[in-house]
Amino acid sequence: MGSIGEIASFMKKHELMLVTAESCTAGLIAARLADIPGAGSLLDSAFVVYSRDAKEHCLDVRKETINRFNLTSEEVAREMAEGALARSHANLAIANTGITDAVDNDIPAGTQCFAWIFRHAVPDGKTKIFTTTRRFAGSRNAIRNAAAEYALRRIPHYFGLLHNGGGET
């Protein structure tokens, strides 16, 4: 699926309502979707939680998770998505956390961690979670933009896996 308009059409067809929990992308995922006419039926809310404290206090990301896995980790992205979904009427949450610059000796610049959670999206009514880590190249803003686009473009992929028995419970 190419354009954000096509992603929006897919979301409408499958009655997906999104909440985002964004760190590195700082609201770009929600903003990309908001560019589409009729986005009010697709976007419930967006949490921009850039700091460690904001992740902990706004979305209940556990200090233990951050200390054990790092702020740039799939585990933190997962807890961000869970926290956003718990505070929303949405049935889809996307979370992003990562770094754009060489600020961590253990994590390469451009590393972005994501989580997608689908609530009640399959016949068994369970919540399904997908996580992944990707690395993007380019300037700070190029990385952030690429991460936002990637987060939205993966919705159809993970939704498709739901109907083929994939995903965690």
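This is a short walk through the structure, from its overall build to single residues.

The model is a predicted one. The protein has seven helices and five strands. Read from the N terminus, the elements run α-β-α-β-α-α-α-β-β-β-α-α. The radius of gyration is 15 Å, close to the 15 Å that the globule rule gives for 169 residues, so the protein is as compact as a globular protein of that length. The C-alpha trace spans about 45 × 30 × 30 Å along its principal axes.

How do the parts of the chain meet? Take contacts between residues at least 6 apart in sequence: 65% of them join residues at least 24 apart. Of the 169 residues, 49% count as buried. The protein exposes about 7,800 Å², and carbon and sulfur atoms supply 49% of that area. Charges come next. There are 19 positive and 19 negative side chains. The centres of these two sets lie 3 Å apart.

Now go inside. In soluble globular proteins, nonpolar side chains tend to be buried together. Here the largest nonpolar core holds 31 residues. Which of them touch the most other members? They are Trp116, Phe118 and Ile155. Several elements give two or more residues to this core: α1 (4-13), α2 (28-34), β3 (92-98), β4 (111-118), α6 (140-153) and α7 (155-162). Helix α6 gives the most, with six residues. Apart from this core lies another, of 21 residues. Its members include Leu59, Ile66, Ala90 and Ala115.

Look again at tryptophan 116. Neighbours within four places in sequence are left aside here. Its contacts include Ala93 and Ile94. Tryptophan 116 also meets Lys128, Ile129, Phe130 and Thr132. Further along the chain, Tyr150, Ala151, Arg154, Ile155 and Tyr158 are in contact with tryptophan 116 as well.

Helix α3 is the next stop. This helix covers residues 52-59, and Ala54, Lys55, Glu56 and Leu59 are buried in it. What covers these buried residues? The cover includes the strands β1 (18-22), β2 (43-48) and β3, together with the helices α4 (63-69) and α5 (74-86). Leu59 has already appeared, as one of the residues of the second core.

Glutamate 56 sits in helix α3. Is glutamate 56 buried or exposed? Its relative accessible area is 9%, so glutamate 56 is buried. Not counting residues up to four places away in sequence, glutamate 56 touches Val61, Lys63 and Ile66. Ile66 is also among the residues of the second core. After α3 comes aspartate 60, whose phi is positive, near 60 degrees.

Strand β2 is part of the cover over α3. Alanine 46 has its place in this strand. With a relative accessible area of 42%, alanine 46 is partly exposed. Alanine 46 touches Thr20 and Ala30, not counting residues up to four places away in sequence. Alanine 46 and leucine 28 are 18 residues apart in sequence. In space, their C-alpha atoms are 9.7 Å apart.

Two loop residues close the walk. Glutamate 15 lies in the loop between α1 and β1. Its phi is positive, about 55 degrees, although glutamate 15 is not a glycine. Glutamate 15 is exposed, with a relative accessible area of 67%. Alanine 26 lies in the loop between β1 and α2. Phi of alanine 26 is near 50 degrees, a positive value in a residue other than glycine. At 34% relative accessibility, alanine 26 counts as partly exposed.

Note on methods
Residues are numbered from 1 along each chain as its sequence is written. This is a predicted model: local features need pLDDT of at least 70, side-chain atom pairs count only at pLDDT 80 or more; totals for chains, interfaces and linings use all residues. Side-chain values use heavy atoms; hydrogens and water are left out. Helices (H or I, at least four residues) and strands (E, at least two) are DSSP runs, numbered from the N terminus. The radius of gyration is taken over C-alpha atoms; the globule rule is 2.2 Å times the number of residues to the power 0.38. Buried means under 20% relative accessible area, exposed over 50%, partly exposed in between (1.4 Å probe, protein chains only). Contact means heavy atoms within 4.5 Å. Accessible areas come from the Shrake-Rupley method with a 1.4 Å probe; for residues, only the protein chains shown count as cover. Lys and Arg count as positive and Asp and Glu as negative; His and the chain ends are not counted. The place of a charge is taken as NZ of Lys, CZ of Arg, CG of Asp or CD of Glu. A nonpolar core is a set of buried Ala, Val, Leu, Ile, Met, Phe, Trp, Tyr and Cys residues joined through side-chain atoms within 4.5 Å.
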